[in-house]
Amino acid sequence: MKIIFNSDLLFVHHLVKENLPKHLLDFFKKCKDDDHEIILPLTTVLEFDKKQEEFYEKEKSEVQNATIKLKSNGIEVNDFDIDSIIQKPTLVNILTDLSVKFKVEEPTFEDFKNAHQKACLHEIPHPPKKESDEMRDLVIWETAIRISKVDGPAILMSRDEVHFHHRGDSIAADHSLIRCDSLERAYESLDIETRGSKIVKEKLTEKWNDILSSSLPLKEGAHIISIKKPRFVNKMNGVINSKSTAQIQTGDGKVLKFNLEIEFSPDKFYTMNISKLLLAELKRHDEIKTLEFKPINHIVSDIPDPLTLNFSPVPSDSQEIQNKINHLNYLLGG
Amino acid sequence: MNLNMGSQCFRNVDIPLLWGSRAVIADESNKISIISISKEKVQLEVLFDEPAPGINYEIIADGFKIIQDDEELYSFNPSNHLLTGLSLKLPECQITASNIRVGNSTFQGNIVMGSAVGISVTENGIGMGASLPPEIARLIQ
């Protein structure tokens with residue numbers, strides 16, 4: 001899979017001396033292990049390198065000022081070659097050192113032309129409330145569409161509204177361009193389990209027999225396909241609330257997709273709420289990503305939506321958490 | 001507030017470490033709490049190395065990301081006390097028992113007395129012994 005990076009997801013807020021931040025390192029390592037190719041639009045390379053140059057000049061200046069200050073106070077400082085101590089990193093060099101498969105992609109004239117038209121006429125993917133279109137965002141968009149059109153499914157890594165707004169959904173889908181606004185969403189798109197999805201999956205597995213014997217249309221052989229976008233909230237009573245989207249293969253040739261909300265603590269499971277159930281028939285050679293889901297009550301009429309399973313009574317507020325808050329208040333007042 | 005944090009000694013300061021608009025506090029065992037002082041409210045986001053109650057977060061490989069209105073603000077790694085800005089464009093900040101690191105700058109063994117902010121971190125730079133940013137001062141007043 002080709003993974004195209006906008007600069008906002010590669011942004012590093014300091015001079016890269018030894019390594020990129022761990023979350024980026026881990027991602028690139030995973031891409032290397034699974035043979036995915038990183039595509040760097042020229043814009044991304046230019047912006048990353050420019051920012052690193054700013055950090056580099058600042059670092060050099062600080063070292064030089066420190067040297068002057070020390071010498072002015074009679075402290076001996078050996079002569080040194082600052083350029084051999086502080087290196088100016090470039091994105092190409094960093095990825096080369098990581099031995100990641102990558103390519104710098106220059107926009108074509110066609111990319112520029114299409115981006116220019118979209119900018120002038122505020123065409124899709126222009127979000128409705130955005131006042132102006134940056135050409136750079138649209139050039140990256142056109143580059144990404146071109147790559148996915150020519151080379152097959154690709155991922156565009158970007159948080160930018162122009163790339164992510166739902167107005168672009170149809171064009172992205174038509175060209176097999178998957179848009180991910182974080183590394184975790186990219187892991188999910190690459191079918192790599194994240195730590196969050198693993199936790200939710202383990203919790204579901206704990207109660208699998210209860211799920212099988214519920215009114216959901218599941219048979220022997222049903223299994224979890226994926227847990228996506230798991231979000232968590234801790235509560236004052238020590239309970240963890242998690243919301244995500246789940247897909248389960250039903251065991252009889254169908255895929256069930258639903259919103260999942262669970263409440264649990266490390267040693268107990270409290271409730272499970274399943275809602276917005278959708279069902280799709282899985283035919284041979286079907287890709288899970290291309291299935292056509294329909295609301296379950298169009299297919300099976302007697303499934304409650306939402307479906308709630310209760311396992312244990314929810315506890316009252318936790319004294320442990322209150323104690324922690326009290327301790328913080330004490331520190332703040334100290 | 002009087003606090004020893006990352007080998008710095010903060011005496012009579014309002015906020016020992018201000019990371020953007022977030023106050024960062026460490027207790028005696030270097031467990032980190034983070035309070036957001038933004039918009040119209042003050043909100044506890046991290047409580048002694050864990051997401052605070054009521055805060056939306058996503059668990060990641062080495063910690064968690066704080067999420068607000070579906071936007072990923074920053075990540076926190078409890079094992080090495082590293083704060084990394086995501087949509088918040090701030091330099092990395094790490095608080096250990098022996099120092100506070102912000103980007104490539106390391107603070108060790110400093111004493112800050114009587115300032116509103118001990119160490120101030122913004123997108124543009126770092127400062128010591130700063131006053132409260134006006135918007136935060138208005139909020140606290």
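Let me start with helix H1 of chain A, which runs over residues 22–33 in this predicted model; its twelve residues reach 16 Å from the first C-alpha to the last, close to the 16 Å expected at 1.5 Å a residue. Four residues in H1(A) are buried, namely Leu24(A), Phe27(A), Phe28(A) and Cys31(A), and, seen down the axis of H1(A), the buried residues fall within an arc of 95°, so they line one face of the helix. The general background is that an α-helix has 3.6 residues a turn, so residues three or four places apart point the same way. As for what lies over those buried residues of H1(A), the cover includes strand S1 (2–5), strand S2 (37–41), helix H4 (91–97) and helix H9 (183–189) of chain A. Just after H1(A) comes Asp35(A), which takes a positive phi of about 60°.

Let me set helix H5 of chain A beside that, residues 109–121. At 1.5 Å a residue its 13 residues should span 18 Å, and the end C-alpha atoms are indeed 18 Å apart, which agrees. Buried in H5(A) are Asp111(A), Ala115(A), Lys118(A) and Ala119(A); they cover an arc of only 100° around the axis, which puts them on the same side of H5(A). On the other side of H5(A), Phe109(A), Cys120(A) and Leu121(A) are exposed. The cover over the buried residues of H5(A) includes helix H6 (135–151) of chain A, and H5(A) is followed by His122(A), whose phi is positive, near 55°.

Now two individual residues. Glu188(A) has its place in helix H9 of chain A, and at 7% relative accessibility Glu188(A) counts as buried, the cut-off being under 20%. What does the side chain of Glu188(A) have beside a polar atom, at 2.7 Å? There we find the backbone nitrogen of Lys229(A). Leaving aside residues up to four places away in sequence, Glu188(A) touches Thr194(A), Ile227(A), Lys228(A), Lys229(A) and Pro230(A).

The second residue, Ser275(A), lies in strand S9 (residues 268–281) of chain A, and with 17% relative accessibility Ser275(A) also counts as buried. With the same exclusion of residues up to four places away in sequence, Ser275(A) touches Phe258(A), Asn259(A), Asp305(A) and Pro306(A).

That brings me to the interface. Chain A and chain B bury about 3300 Å² between them, with 55% of that on carbon and sulfur atoms, and the contact takes 36 residues from chain A and 42 residues from chain B. Which three residues supply more than any other three of the area that chain A buries against chain B? They are His13(A), Arg231(A) and Asn234(A), which supply 19% of it.

On the polar side, the rule finds eight salt bridges across the interface of chain A and chain B, and Arg159(A) forms a salt bridge with Glu72(B), where the closest N and O atoms are 3.9 Å apart; I would add that the cut-off for a salt bridge is 4 Å. The rule also finds eleven residue pairs in polar contact across this interface, both residues being at pLDDT 80 or more. The elements that give two or more residues to the side of chain A that touches chain B are H1, helix H2 (42–72), H9, helix H10 (195–206), strand S6 (223–234) and helix H12 (319–333) of chain A, and the largest share of that side, seven residues, comes from H12(A).

Methods:
Residues numbered from 1 in each chain as written. Chains lettered and ligands numbered in written order. Predicted model: local features only at pLDDT ≥ 70, side-chain atom pairs only at ≥ 80, totals over all residues. Heavy atoms only, no water. Expected span 1.5 Å × (residues − 1). Buried < 20%, exposed > 50% of the residue type's maximum accessible area, 1.4 Å probe, protein only. Arc of directions from axis to C-beta. Contact = heavy atoms within 4.5 Å. Buried area = accessible area lost by both parts, 1.4 Å probe. Salt bridge = Lys/Arg side-chain N within 4 Å of Asp/Glu carboxyl O. Polar contact = N/O pair within 3.5 Å; in protein donor to acceptor, adjacent residues only side chain to side chain.
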